[in-house]
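Hi,

Here's the structure I promised to pass along. Have a look, and then read on for my notes on the charged side chains.

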Amino acid sequence: MNETLKETPHTQAESLGTVWHRGKQYRKGYTTGSCATAAARVAALMILRQQIIHQVSIVTPSGVTLALNVEQPLIEGQQAVAAIRKDGGDDVDATHGMLIFARVSLNDSGIITLDGGEGVGRVTQVGIGLPIGWAAINKTPRHTIEEAVREVIGLQRGADIVIFAPEGEERAKKTYNDRLGIKGGISIIGTTGIVMPMSEESWKRSLALELEAKRASGLDRIIFVPGNHGERFVSQQLGIDGNYVVTMSNFVGYMLQEAVRLQFSHVVLVGHVGKLVKIAAGIFHTHSHIADGRMETLIANLAVMGAPFELIQAVDHCDTTEAAIELIAERGWQAVHQQIAQKICGRVDQMLRFSSGRPQCDAILFSFDNQVLGCNRPVDEIVEGFR
């Protein structure tokens, strides 16, 4: 690969192309791992050439070649620093637009060392595939960084590489790193080197990583919640340690599959009825753009229980599940929520029926005013397992 010695504009991620999602065109980007790899490579090149370089090329793990602009290059003898600006394309995340730096120092040891500096997090608990105390630089970026530098310096020289990101500690507050036990900064990640815009895969994987960390810490039972409201309900209303809680967002089916893979023995789904009621209809991705069916599921269960036609009609005309809950309570048909909770557990058992060790499933539904609406068995029995 040939690096130029002057800056060529418009080379960042424009050559990556675009993808189409829901009728719109979105630009691809590149990962923090690609940034760190490019920064380390160009720093090593600058030391050997003793020249400032403004553009560098790397080949990502997916085989795509990136030509990236270099920012803030400096050379001091056998040490150099360079930065690459993260571009997530149209899939903007917490690290989009920040500078990822590499400091490379050459020596005659023949050994390459790699560590994280300012703004790169440290691993403080098991479960994410890196030893405790290591910098949060994942396996694929570790390999690509070391390989890129080795290609430049040859087999005889050694190098000490430090990846750092001055904005990293602040940006990390918008990520899941703290829950994963990664403290003090961002992670250097990316298995392909390329960010696919509008992709749910990275989001899902971050949730699964948290689940892996819980399992590695020794937990064999877990509580899935859709989001922050569910987390607060578990700790404040049920009095359960928040360490048992993992956010599943809309990815109910995916997280249940991950729970099976990780051999959890007990899973409890806790959430507002408006979100969890969809599962009773066999909807395991609960985002509204995938499926809705909230009122239809309420209506069907009310009908099976023999509710009067006027109540069913009234529920059908409700705009929100909260409004439907009020109507149902006024007419004395609250038992429908218990039936829905039981249906949820039945749907989960059906989904996981081919698993030889599927976890026990419970479901607890609550309202916006944090009242338990329904559960498949007494709440006290479910909570007792987490004491």
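Below is what turned up on salt bridges.

Some ground rules: this is a predicted model, so local features need pLDDT of at least 70, side-chain atom pairs count only at pLDDT 80 or more, and totals for chains, interfaces and linings use all residues. Residues are numbered from 1 along each chain as its sequence is written, and side-chain values use heavy atoms, with hydrogens and water left out.

I took a salt bridge to be a side-chain nitrogen of Lys or Arg within 4 Å of a carboxyl oxygen of Asp or Glu. With that rule, the count is 13 salt bridges.

The part I'd look at is around E212. E212 pairs with R205, with the closest N and O atoms 3.0 Å apart, and also with R261, at 2.7 Å from N to O. That second pair links distant parts of the chain: E212 sits in helix 4 (residues 201-216) and R261 in helix 6 (residues 252-261), 49 residues apart. Helices here are DSSP runs of H or I with at least four residues, numbered from the N terminus. Add E258, and you have a salt-bridge network of R205, E212, E258 and R261.

On accessibility (buried is under 20% relative accessible area, exposed over 50%, partly exposed in between, 1.4 Å probe, protein chains only), E212 is buried at 14%. Its partners R205, at 36%, and R261, at 45%, are partly exposed.

Elsewhere, R171 and E167 form a salt bridge at 3.0 Å, N to O. Here R171 is buried at 18%, while E167 is partly exposed at 37%.

Cheers

Technical notes: Helix = DSSP H or I, 4+ residues; strand = E, 2+ residues; numbered from the N terminus.
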